[in-house]
Each structure stands twice: as structure tokens, then as C-alpha cells.
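Colleague: Got a minute to go through this one with me? Put it on the screen and I'll ask as we go.

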Amino acid sequence: MFTPQFVQPNLQSVGDSTFPVTSVSISPAISIRRYRTQPQQVLSILGDESALAPVVASTEIEPGVYEGGFTCWQGSEALCRYLTTLPIAGKRVIELGCGHALPGIQCSLMGASKLVFQDFNEEVLRLATIPNLALNARPGQSTASLFDDALFIASSWADLPAFLQANADVPHLSQYDYILAAEVVYRESNFESLAQSIISLLSVSPDGQALVSGRVTYFGVGGGTDAFSAFISSKVGGNGEKVLCEEVSVSENLDENILKITLQR
Ligand SMILES: C[S@@+](CC[C@H](N)C(=O)[O-])C[C@H]1O[C@@H](n2cnc3c(N)ncnc32)[C@H](O)[C@@H]1O
């Protein structure tokens, strides 16, 4: 297990990534730029001593070591498209299991006031999340001011609630309007820690809602938004509140959707 930590953006290096850049069209008005973190290049940067090196080279996910953060998954684009329908300007946002972080970046482009990005792997935050955010400054926004309003946390979900509580005095780390998570409900053994992270974030966010996008069922893996919806709906908030979970968007062929989770107060 890793010790949870803040990851500081290195302003000198964020513009110098060796990865090629690609652009993801979210709407006629919005495109998000991101780096293509190809395994061979990731490997050459991480070096052979990194615990991630053998994993990144050979597989998409190795439970408890590397959870797929260098791949940009489809559910993150679907969540971005849904976010274009919401009032985001001035809002406080946290993205869990962010990886390439398209939804958090979408919120930044729409004028969110504070952004927190969490991922399991510090390397993913350093090589994908942080450089991607730097690629997407708003017109007139400097990289320094973009990062003034952002925090990056490397942590497992199991450790996140205690880490946030221990750092409650850190500016930005309280009261979220949107708790975002794309493609994170693929394994049932993660449901408890993910659900507890979401519920503890909602408990300190009187107007908060969580938006979780993903596949209704991940065949062969066991998870899915259907199973997660049933799981989190059986929980209660920190003050005994009922957890409400509804589907707010579904793909044309019905195999992917977005859940909205709130606490009934
Ligand atoms: C399939 S990837 C999705 C990445 C990104 N949200 C996307 O849609 O492109 C799952 C992400 O969740 C994070 N993750 C998985 N299990 C985790 C855990 N137990 N604690 C914290 N983060 C976790 C991984 O590091 C990874 O970035």
C-alpha cells in the first residue's frame, strides 16, 4: 500500500512532455487536449526500477499496483458531454480515479473555481493528469494560476477519507459541488472503499452530488454501474442520511450510463 500524498506540479516540466498530443471533441464548442501516454514512452521515463514498469508494459490493469490510469477510457468522454449540460462555473470539483482527467479538465474549461484530482498512482498524476491540465488553460489563464486552483492527491480510496480529514485545513479540501468518477466501478472488491470515499465527500458537501460514469456491466470483471448503484444505495451517510442513486444519462445502445448520487438531507 502507498502512503497518501499531495503531488506538486512541476511548472518547469509540465510543458515539455515527450508524448504526442491528441484532441478529444466533446461538443462543437469544446475540445480537450491530452497527451497520448504510450506504454513504451511511459516505460522509458519511469525506468526499470519503477514498480509500475513491468505492469505498464504488459497489461491494462494489475489490481493494487496499476489500475489503468495511463489509458484514457471512454466513460470519461461521456461524463464530459454530460457536464456540458450543468452549471460548473465557480463550482468546486473533485475527480476520483482521474487518470487522464478529462472530466476535471472539462470543469476547469467551464470555469470551475477549485479542482482536486485523485489517482491511485503518483506516476499517473505526474505524467498524465498534471501535463493534461497544463495543456488546457483557458484563454488568458496562465499555467501558474491554473495550478493555484488545483490539488493533486495520490491515494487509494481506502485511505482517502482519513487523508482528507487530516488535511481539512488545506484550502480547496472541503465542500465539493461535484464529485466525479469515470470508469472506476469495474471491480466489486473496490466498491466498499469507493462508496465510502464518495459518501464521506458528500457528507461534507451540503449541495454536493457525485457523478459516476461507466459500463452498466463489465463482463468478465464483475463490476458495473448497475451493481454499484445497488451497493451504494444500501449505505447511509455520516449522519444516517439515505443515499439516493439515479441514472441521469445512458448511451444509445444502453451499455454505458451515468449515475447521480446524493444524500437525502
Ligand atoms: C480504468 S481507470 C479510469 C481512468 C479515468 N477515470 C478514465 O476514465 O480515463 C481507473 C482509475 O481509477 C484509479 N483507481 C482504481 N482503483 C483505485 C483505488 N482502489 N484507489 C484509488 N484509485 C483507484 C486508477 O488509478 C485509474 O486511474
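Colleague: How many residues of helix 4 are buried?

Modeller: Eight of the eight residues in helix 4 (residues 102-109) are buried, so the helix is largely enclosed by the rest of the structure. Buried means that 20 or more other C-beta atoms lie within 10 Å of the residue's own; exposed is 12 or fewer, partly exposed is in between, and C-beta atoms are placed from the backbone. Helices (H or I, at least four residues) and strands (E, at least two) are DSSP runs, numbered from the N terminus.

Colleague: Which residues are they?

Modeller: The buried set in helix 4 is Leu-102, Pro-103, Gly-104, Ile-105, Gln-106, Cys-107, Ser-108 and Leu-109. Helix 4 is followed by Gly-111, with a positive phi near 95°.

Colleague: Where do these coordinates come from, and what is filtered?

Modeller: This is a predicted model: local features need pLDDT of at least 70, side-chain atom pairs count only at pLDDT 80 or more, and totals for chains, interfaces and linings use all residues. Residues are numbered from 1 along each chain as its sequence is written.

Colleague: Fine. What is the order of the strands in the open sheet?

Modeller: The order is 1-6-5-4-7-8-10-9, an open sheet of eight strands with mixed pairing. Its edge strands, which pair on one side only, are strand 1 (5-6) and strand 9 (242-250). Two strands pair if DSSP finds at least two bridges between them.

Colleague: What does strand 4 pair with?

Modeller: Strand 4 (residues 92-96) runs parallel to strand 7, with four bridges joining them. Strand 4 also pairs with strand 5 (residues 114-119) in the parallel sense, over four bridges.

Colleague: Which residues match up there?

Modeller: Towards strand 7, Ile-94 stands opposite Ile-179, and the bridge partner of Leu-96 is Ala-181. Towards strand 5, Arg-92 has Lys-114 as its bridge partner.

Colleague: Is strand 4 enclosed or open?

Modeller: Enclosed, largely, by the rest of the structure, because five of its five residues are buried. Arg-92, Ile-94 and Leu-96 point one way, Val-93 and Glu-95 the other, and all are buried. In a regular strand the side chains alternate between the two faces of the sheet.

Colleague: And strand 7?

Modeller: Five of the five residues of strand 7 are buried, so to speak of it as mostly covered is fair. Tyr-178, Leu-180 and Ala-182 point one way and Ile-179 and Ala-181 the other. Strand 7 also runs parallel to strand 8 (residues 209-215), joined by five bridges, and Leu-180 stands opposite Leu-211 there.

Colleague: Which residues have the most contacts inside the largest nonpolar core?

Modeller: Ile-179, Ile-198 and Val-212, in a core of 72 residues. A nonpolar core here is a set of buried Ala, Val, Leu, Ile, Met, Phe, Trp, Tyr and Cys residues joined through C-beta atoms within 7 Å.

Colleague: What does Ile-179 touch?

Modeller: Leaving aside neighbours within four places in sequence, Ile-179 is in contact with Ile-94, Leu-96, Ile-198, Leu-201, Leu-202, Gly-208 and Ala-210. Contact means C-beta atoms, placed from the backbone, within 7 Å.

Colleague: Any odd backbone angles outside glycine?

Modeller: Gln-175 has a positive phi near 55° and lies in the loop between helix 7 (160-166) and strand 7 (178-182). Glu-183 has a positive phi of about 55°, and its place is in the loop between strand 7 and helix 8 (191-203).

Colleague: Are those two buried or exposed?

Modeller: Gln-175 counts as partly exposed because it has 13 C-beta neighbours inside 10 Å. Glu-183 has 23 inside 10 Å, so Glu-183 counts as buried.

Colleague: Switching to the ligand. How many residues surround it?

Modeller: 22, the closest being Glu-67, Gly-69, Gly-97, Gly-99 and Phe-120. A residue is near the ligand if its C-beta atom, placed from the backbone, lies within 6 Å of it.

Colleague: What classes make up that shell?

Modeller: Eight nonpolar, eleven polar and three charged residues. Ala, Val, Leu, Ile, Met, Phe, Trp, Tyr, Cys and Pro count as nonpolar, Asp, Glu, Lys and Arg as charged, and the others, Gly among them, as polar.

Colleague: Last one: what fraction of the protein is buried?

Modeller: Buried residues make up 45% of the 265 residues.

Notes:
Two residues are in contact if their C-beta atoms, placed from the backbone, lie within 7 Å.
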